[in-house]
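This briefing is intended for a reader who wishes to examine a two-chain model at the level of individual contacts. Please consult the sequence and coordinates alongside the text.

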Amino acid sequence: MAFIGLEAEKYDRIYQDRDLFRRIIGYFKNYKKKIIAITLLLTISSLIHAILPILITIAINSLEISTNIENFIIIILIMLSFNFLGFLINYFQQIKTSEAIGNVILDIRKDANNSVLNHDLSFFDQNPSGKIVSRINTDSQDFGRTMELLMEVISSCFVVVVFTIIMFFLNIFLSFIFMIIIPSFFIVAILFMKAARRRTILGQRAIASVNAFVKETYSGIQIAKTFSQEEKLFKEFEQVNNQSYKVNLKRAFLFNIIFPSLGIIQAFVLVLLIYFGGIDILKGTISIGNLNLFIQGTWLLTFPLFTIAAFWPQLQAGLASAERIFALIDTNPKVIQTDNIKPTKLKGKIEFKNLTFEYEEDKKVFENFSLTINPGESIAIVGHTGAGKSSLANLLARFYEFQAGDILIDDISIRQFDLSKYRKKIGIIPQTPFLWADTIENNIKYCCKNAEKEDITNALNQTGGAEWIEDLPNGLETYIRERGSLLSMGQRQLTVFSRVLLENPSILILDEATASIDPFTETRIQEALEKIMKGRTSIIIAHRLWTIRHVDRIIVLDHGKIVEEGNHQALISKGGIYANLYNTYFRHQSLDYIEKVRDL
Amino acid sequence: MAKLDKNFKKDYLVEFSIDGAHSFHIKNKKPSRWILAHILHGSNKIYISIVLVTTIIAAMLSSALMIVVGEAINSFILENDTSLLFYVILILSLGISAPLMRIGNFMLREILAQRLERDARKEFYINLLGKSQSFHDQQKIGDLMARTTNDVRMLNYLVSPALSLIIESFTSLIIPLIFILMFYPSQLVLVPSIFIFTFLIALRSYIKKIGPVTEKMRANFGEMNIILNESISGISLIKSTVQEAQEKHKYLMKIKAYRDAFVEQGRIQAKYIPILLLALMNTISLTHSIILFSHGSITVGQIIGYLGLLSQFRFPIFISFFVFSIIKLAGAGAKRLLEIMNKKTEIDENLEGKSKDITGNIKFENVSFCYPKSKNKILQNISFEIRSGETLALVGTTGSGKTTLTKLITRLYDVTNGKILIDGLDVRNYALKSLRSQVSYIEQDVFLFSNHIIDNISFGKKSSFEEVIKVAKLAQAHEFISSLPNGYQSEIGERGIQLSGGERQRIALARAFLVDPRILILDDSTSAIDSKTEDEIQKAINNIQKNRTTIIITHRLSQIRWADLIIVLKRGKIIAQGTHEYLIENSPEYRKIFIKKFDLDEEKLKTRGRI
Ligand SMILES: Nc1ncnc2c1ncn2[C@@H]1O[C@H](COP(=O)(O)OP(=O)(O)OP(=O)(O)O)[C@@H](O)[C@H]1O
Ligand SMILES: Nc1ncnc2c1ncn2[C@@H]1O[C@H](COP(=O)(O)OP(=O)(O)OP(=O)(O)O)[C@@H](O)[C@H]1O
Ligand SMILES: [Mg+2]
Ligand SMILES: [Mg+2]
């Protein structure tokens, strides 16, 4: 099962915490002003937080001495005004914080998405899209949550520091007792740290597996139905879902143990304070108000200290998310341009020079492959399935990087071209047509946003007429869902065909572009195609040999090697592999042969 | 499902269900009730009661601790040193027992939360498996994914921490009040009571404001998933047409919308009044207790205990701040789940229907069909009959309805008018599983799972390795599979992306051959395969075809020629049907398919047809 895996992705890597922090800080740098403002506001509000209990202490202490009402009124008034001031500052700080964090998440998502879109296809062959999506969208969210926490931690630190300083002024011995709380909180937290990060990563991978699995189910639901295998899918789903349950439960257990254990520490400190404080009171060396401040301190500082201590494991979770995203951002695409030559117009000469190519190790598709295609020439590539025909198209489109040799376009190495400028000059109809969940019109003009209605009808006419579109409920406006699955197969191919024609490329590659189109429509396309191919280099890949009789040259490919080439006539008279293929094919359509085949 | 009474059944058709799996959404249409049904089901009931009780006890222990601390200080003031040890022990045991109780409480709560996530996802998933194809036609995969993972996860957060925190915080609102009444002058309860009252009012208005924003965030998140999913599945198109910038921009718009909602949420949270109320209450109640002290009605120790009790309020105040967002999110998530689950679908598994071995007579009686939600008649008045073991060939221009016609046989869709009979029985009267398991369908748009090759071939039926190899050989796939580094164990990527087009089709052929169906439907299933390989496959099909009803859609004459019945479709109508000989002579439309292609003229064809 591909899904059950909790293993790391190929591109995952381990970062030093230092590097992670540097990267994270890098993202916050863009919002320097906000960060400064936030820090300032946080400092003030922490001061207020720390001063209030001191005012209470003063009030209680003075209870023992006198009952001067005026003093109380002043203290109360100060407290009230601090209450309001604290609220106001908190208000501004919150707003700034959410702005800063919102923007950082935005930036990270943007970077991750940009980097993913820049990958070549080998990356997508290996990484299920469900997992990539989960990484970009969900992990960034987890990361954001951690950053919110970070802000709280900063403010908590202020409170703790201010409060501690004051306590030391009041009573050094009790302060030391109180201080026990801090290291013990941290020891507990750090003990949790390692396990927390590991479990979080596992938890995230488990949920990513669920994501990938359900995606497959929903895309393949029709197959599940026709084979009546819902139950099988369900069983597999139970496995991934239960796995996610187990892994995440373990993770949650760990995270939930931390708070109560801190509570236990807190209880011990409280007892010590009461014991030694009690002795001091009995001896008269400490005032009640001051002892109260210490006791209140264990509660007042609970939240800040909890936040700080719990922050470590949570930070680990956030760092784990950051690590996953950065790994995605930092993986380099294999296809890279070595120069940025921007072709204005391609003449269309293509030369494969001793090319070696493999998708995965030890499965060479081409070895020492050489072929030259002249500008404006139309060639056809034929051969058994899996011979490497589509792979040639993939290489020309720079979807994959080749291992050795070179591909020259107009005598310049394909690696030197500016990728996007170059791809614009190549029009490719892939074997599996892809369409967006959008209207037909938007699909056709996907690459030429400004195309007029006229151009669209024109392109459609060249591909056998637009009658079929008129039959649809909303014509060109018909919504066709993901991959165009609301259209018939042939209609999808026609739509893709029109899209490429509108692009008006210098080099045209048709990979089984009409395989699912009925012969009648196909003949009409054929006529238009002959006109279109004039003046541009075209490569046609087809099993229906009838459609390629008119090309300038036919290349017969066998296991990545050229075994024959020449035009139709020459190859037929040669009587080799092509002639054989053609005869088999033609026999299929020849009545004479078919009449005989029954007896075989 | 089978247990449901008839009335429910009519509204809740599903194509698939699991015995013993719960479908709480059927009886609980409201999100809250649905969630409750999950939380209260089975052993969860016991867990939640334990969680409730321990939460209350823990809150009481914490409050009692405050009182004891106040009493201890009082006795120190009275210079009563014998009580010191007693208080130390009491405080220690109170202070430790609360956290210990919480550990147990949290663990149970976590189990509940994770179970809720698991079970709700399961219910949702099963429900989606049971929805008809026409339902799935209308969905966006990215959106369904977001619902299955993220919305369901929100339910988890609902229990842990949200619900349990709410229980905890409301007990820590009430218990201190009770303790104040029990141990201190009763007028001290006044300020805290007013505070709780105003807090609840402020909280209400806060929740009202935060709700819509939270829902907006959820929806935005769903859209982010949709966009990203789409651009990844269309990545090769994006690259070949150099539209990366546009796709980046699309995603950017969505994440910006999300950011805006996030900031808006921050703004609303910043205006969280209860924080101010809490601070004011602290000051005012201090004043109040000092006044009482000056009248001599309470001691300093009691003031300290009182302030300690009030500090318990901090917890509910800070928790409510974010907990209600979680609840809103979970509510919104549950709503989104229920919205999908309660959508009606057309097709029902028909458990009471017949399960029987079919022989394979197929009869269409005046069948018309429109896809649900569209008025266009895709098929009109289709009638024909083929007997068991015969072959039907469908031909016709692109979009004429060939694929659609075959989908009706396995009830991927139900006919709009007319009926389809198999062995004289309406397909709707078969148990769906029985029907579908005897019909094998090789789809035009091959879909493979990102599994190992062997799992893909044996998808329709569990089978031995030998059997798999046997059908792979029949489909001419054995040779190329063996040449892969990992053979039958090779992984093939999403949708089989790592295979060539012809290789994918051959795996689909093998997959269909393996189930050994009574009715075999081949929809253009050799379009990407070269003629030589096809020849071999054709031989295999010919062998398999014997004693099976076969429906083929193809443009290759060799396959059409010997069909027992050929139907020519045009815009959803049968414009001609009969054998090859008959059609060549009588149907100009049929002739048209072959004429141009082979530069034969019509006359010649006519005479040949007669041979
Ligand atoms: N993305 C990929 N990753 C790994 N291997 C691949 C990938 N795409 C194709 N292959 C393998 O490379 C070989 C050549 O495939 P290619 O798609 O070029 O064949 P083809 O000649 O186009 O065949 P067809 O006529 O069936 O389309 C095949 O053996 C195939 O399994
Ligand atoms: N799921 C769907 N929802 C709505 N309309 C659909 C759906 N699938 C197909 N159609 C429409 O129904 C009509 C018939 O489609 P169908 O797939 O049956 O054609 P076909 O004869 O198989 O064509 P092809 O030879 O191109 O495969 C087309 O106009 C198509 O747009
Ligand atoms: Mg190919
Ligand atoms: Mg079709």
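The points below cover the interface, the metal sites, the salt bridges and two buried side chains.

The model is predicted, so local features require pLDDT of at least 70 and side-chain atom pairs count only at pLDDT 80 or more, whereas totals for chains, interfaces and linings use all residues. Residues are numbered from 1 along each chain as its sequence is written, chains are lettered from A and ligands numbered from 1 in the order in which they are written, and side-chain values use heavy atoms, without hydrogens and water.

**Interface of chains A and B**

- Contact (heavy atoms within 4.5 Å) involves 173 residues of chain A and 182 residues of chain B.
- The buried area, which is the accessible area (1.4 Å probe) that two parts lose on being put together, summed over both, is about 17,100 Å², and carbon and sulfur atoms give 66% of it.
- The interface holds 40 residue pairs in polar contact, both residues being at pLDDT 80 or more; a polar contact is a pair of N or O atoms within 3.5 Å, where within protein one must be able to donate a hydrogen and the other to accept it, and residues adjacent in sequence count only if both atoms are side-chain atoms.
- Helix α9 (residues 230-283) of chain A supplies 31 residues, the largest share of the side of chain A that touches chain B; helices are DSSP runs of H or I with at least four residues, and strands are runs of E with at least two, numbered from the N terminus.

**Magnesium sites**

- Thr403(B) (OG1) and Gln444(B) (OE1) are the protein donors of the magnesium ion (ligand 4), at 1.9 to 2.2 Å; donors are N, O and S atoms within 2.8 Å of the metal (3.2 Å for Na, K and Ca), and sites may look incomplete because water is not among the atoms.
- Thr403(B) lies in helix α14 (residues 402-409) of chain B and Gln444(B) in the loop between β6 (439-442) and α16 (453-457) of chain B, so the pair ties together parts that are 41 residues apart in sequence.
- Thr403(B) is buried at 18% relative accessibility, where buried means under 20% relative accessible area, exposed over 50% and partly exposed in between (1.4 Å probe, protein chains only).
- Ser390(A) (OG) and Gln431(A) (OE1) coordinate the magnesium ion (ligand 3) at 1.8 to 2.1 Å, and both residues are buried.

**Salt bridges**

- A salt bridge is a side-chain nitrogen of Lys or Arg within 4 Å of a carboxyl oxygen of Asp or Glu; the structure holds 44 over all chains, and seven are found across the interface of chain A and chain B.
- Glu99(A), buried at 14%, pairs across the interface with Arg267(B), with closest N and O atoms 2.8 Å apart.
- Glu99(A) also meets Lys34(A) in a salt bridge at 3.8 Å, N to O.
- Asp143(B), Arg147(B), Asp151(B), Arg218(B), Arg336(B) and Glu339(B) are linked in a salt-bridge network.

**Buried hydroxyl side chains**

- Ser498(A), in helix α17 (residues 489-503) of chain A, is buried at 0% relative accessibility, and its side chain reaches the backbone oxygen of Leu494(A) at 2.9 Å.
- Thr226(A), in helix α8 (residues 221-226) of chain A, is buried at 1%, and a polar atom of its side chain lies 3.1 Å from the backbone oxygen of Ile223(A).
- Not counting residues up to four places away in sequence, Thr226(A) touches Thr410(B), Leu412(B), Arg436(B), Val439(B) and Tyr441(B).
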